[in-house]
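Student: I have just opened this one and don't know where to begin. Could you walk me through it, a piece at a time?

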Amino acid sequence: MSEYVENIPKEDLIKYWRTFFDEKITIEEINKILETISNTNFDKIIEENKDIDTKIVDSLVWNEIKNEKNFKKILEEINNRSCWVYFFEPILKKYIDKLIDVVKNCKIICDIELFLLQVSSSIIDQLSQIAYQTIIVELYYAKQSDLLKGNSKEERGKYFSDVLLKDENFIKEIYLNYPELTRILDVKTRYIVEFIIKIINDTNKEILNIEAHLNNNKKLGRIKEIHMGEGDTHNKGKSVVKILFDTNKTLIYKPHSLDIDKKYYDFIQWINNLNITGSSKGNLLASKVYTIDDVGWAEFIEHIECDTEKDLEYFYYRIGKILCLLHTLNGNDMHYENLIAHKD
């Protein structure tokens, strides 16, 4: 395993730094570069980093939480189909109680256990994308230190995931060795949990208005799943989210006002009502939306291919109309990821 900075001799640190430069470079020359660029030198850097900041690690939760039973069951389920799940346990424990309480007390959630399993899996997937390279390195260090037990690589990998990653001292050492990674994982988890809670609360509060505007006053039912990361992330990791209901209806939740989308929808309806071509050939499609101050919900438009050559003819005719309108309205950012081909 990697060692703490304070246990690494100064000579080894300098040797490591020299690997970033030409082998012939001297320590004095590197120090001159550091002084010029960052007004620092080796001695200052070593002095500034000799003490390990344990505040982030100390803030994590190492004991049982209020919803420990529910949380353990969730982790076990995820661990059956994923690896390294327990690496994130102390960070998740810091925030997951609040999420579990909100879900338990929300009438708009269909199946509480399945929903918590689904969103927890999503959180861990996002954290894994950040941490997987470090975990692989630590797995290698554990192998080099003969810490892994098992007669095959599968057994040794399972020992790492199910035994070492459950060991508090082992995990703490990794967290302390990578303080910036730990901080990023902590912040990321907080942002995701807060965002999920906001999605639930917003949808629960506005469900009647959403049904009126987007589902012809018919009941949408209760939320089965939410799928995050359906677009670029902005403002503390928020992104477009797909909400699936138990009536098989799907809506899109967007973490910003959809006033412009509403005006665009109204404009398209006005264009269609002009009936310029005298037929339905020129009618354009825009998604219905419902918006409040800082978020909005949109009708889900499914990508469906054309069936006939006539469909293709209509499709390209309508693309031409859309291009004309976008040019007239000085539209931008209209690349292929922001357009959905829905039949003709």
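**Walking through the model**

Tutor: Let us begin with Asp261, which, leaving aside its neighbours within four places in sequence, is in contact with Lys254 and Val289. Please keep in mind throughout that this is a predicted model.

Student: Okay, and which helix does Asp261 lie in?

Tutor: Asp261 is part of helix α11, and it counts as partly exposed because its relative accessibility is 28%. If you look from Asp261 to His227, the two are 34 residues apart in sequence, and their C-alpha atoms are 21 Å apart in space.

Student: What about Leu274, where does that one lie?

Tutor: Leu274 lies in helix α11, which covers residues 259-274, and it counts as partly exposed, with a relative accessibility of 42%. Together with Trp270 and Ile276, Leu274 forms a nonpolar patch on the surface, and the accessible area of these three residues together is about 360 Å².

Student: Switching topic: what does Thr291 touch?

Tutor: Not counting residues up to four places away in sequence, Thr291 touches Ser257, Leu258, Asp259 and Gly296. Thr291 itself belongs to strand β4, residues 289-291.

Student: And which backbone atoms lie by a polar atom of the Thr291 side chain?

Tutor: There are two to look at: the backbone nitrogen of Leu258 lies 2.8 Å from a polar atom of that side chain, while the backbone oxygen of Val295 lies 3.1 Å from a polar atom of the side chain of Thr291.

Student: Now α9, which of its residues are buried?

Tutor: In helix α9, which runs over residues 168-177, the buried ones are Phe170, Ile171, Ile174, Tyr175, Leu176 and Asn177. As a general point, an α-helix has 3.6 residues a turn, so residues three or four places apart point the same way.

Student: What covers the buried residues of α9?

Tutor: The cover includes several helices, namely α4 (55-59), α6 (89-104), α7 (112-144), α8 (153-162) and α10 (179-214). At the N-terminal end of α9, Asp167 acts as a cap, with a side-chain oxygen 3.1 Å from the backbone nitrogen of Asn169.

Student: You mentioned α8, so is Gly157 in there buried or partly exposed?

Tutor: Gly157, which is found in helix α8, counts as partly exposed, since its relative accessibility is 24%. Gly157 and Arg18 are 139 residues apart along the chain, and 34 Å separates their C-alpha atoms.

Student: Which residues other than glycine have a positive phi?

Tutor: Among them are Trp84, with phi near 65 degrees, and Asn330, with a phi of about 60 degrees. For context, most residues other than glycine have a negative phi.

Student: Where do those two lie, and are they buried or exposed?

Tutor: Trp84 lies in the loop between α5 (68-79) and α6, and it counts as buried because its relative accessibility is 16%. Asn330 lies in the segment after α12 (309-328), and at 65% relative accessibility it counts as exposed.

Student: Last thing, where is confidence lowest and highest among the helices?

Tutor: In the protein chain, confidence is lowest in helix α1 (residues 10-18), where the mean is 78, and highest in α6, at 97. Over residues 1-5 the pLDDT is below 50, although this stretch has 18 contacts in the model beyond near neighbours in sequence. Where pLDDT is low, the predicted coordinates should not be read in detail. For the chain as a whole, the average pLDDT is 90, and 96% of the residues score at least 70.

Methods. Residues numbered from 1 in each chain as written. Predicted model: local features only at pLDDT ≥ 70, side-chain atom pairs only at ≥ 80, totals over all residues. Heavy atoms only, no water. Buried < 20%, exposed > 50% of the residue type's maximum accessible area, 1.4 Å probe, protein only. Helix = DSSP H or I, 4+ residues; strand = E, 2+ residues; numbered from the N terminus. Contact = heavy atoms within 4.5 Å. Polar contact = N/O pair within 3.5 Å; in protein donor to acceptor, adjacent residues only side chain to side chain. Patch = residues over 30% accessible without salt bridge, like charges linked within 9 Å, V, L, I, M, F, W, Y side chains within 5 Å. Areas by Shrake-Rupley, 256 points an atom, 1.4 Å probe, with all protein chains shown as cover. Salt bridge = Lys/Arg side-chain N within 4 Å of Asp/Glu carboxyl O. pLDDT = per-residue confidence, 0-100.
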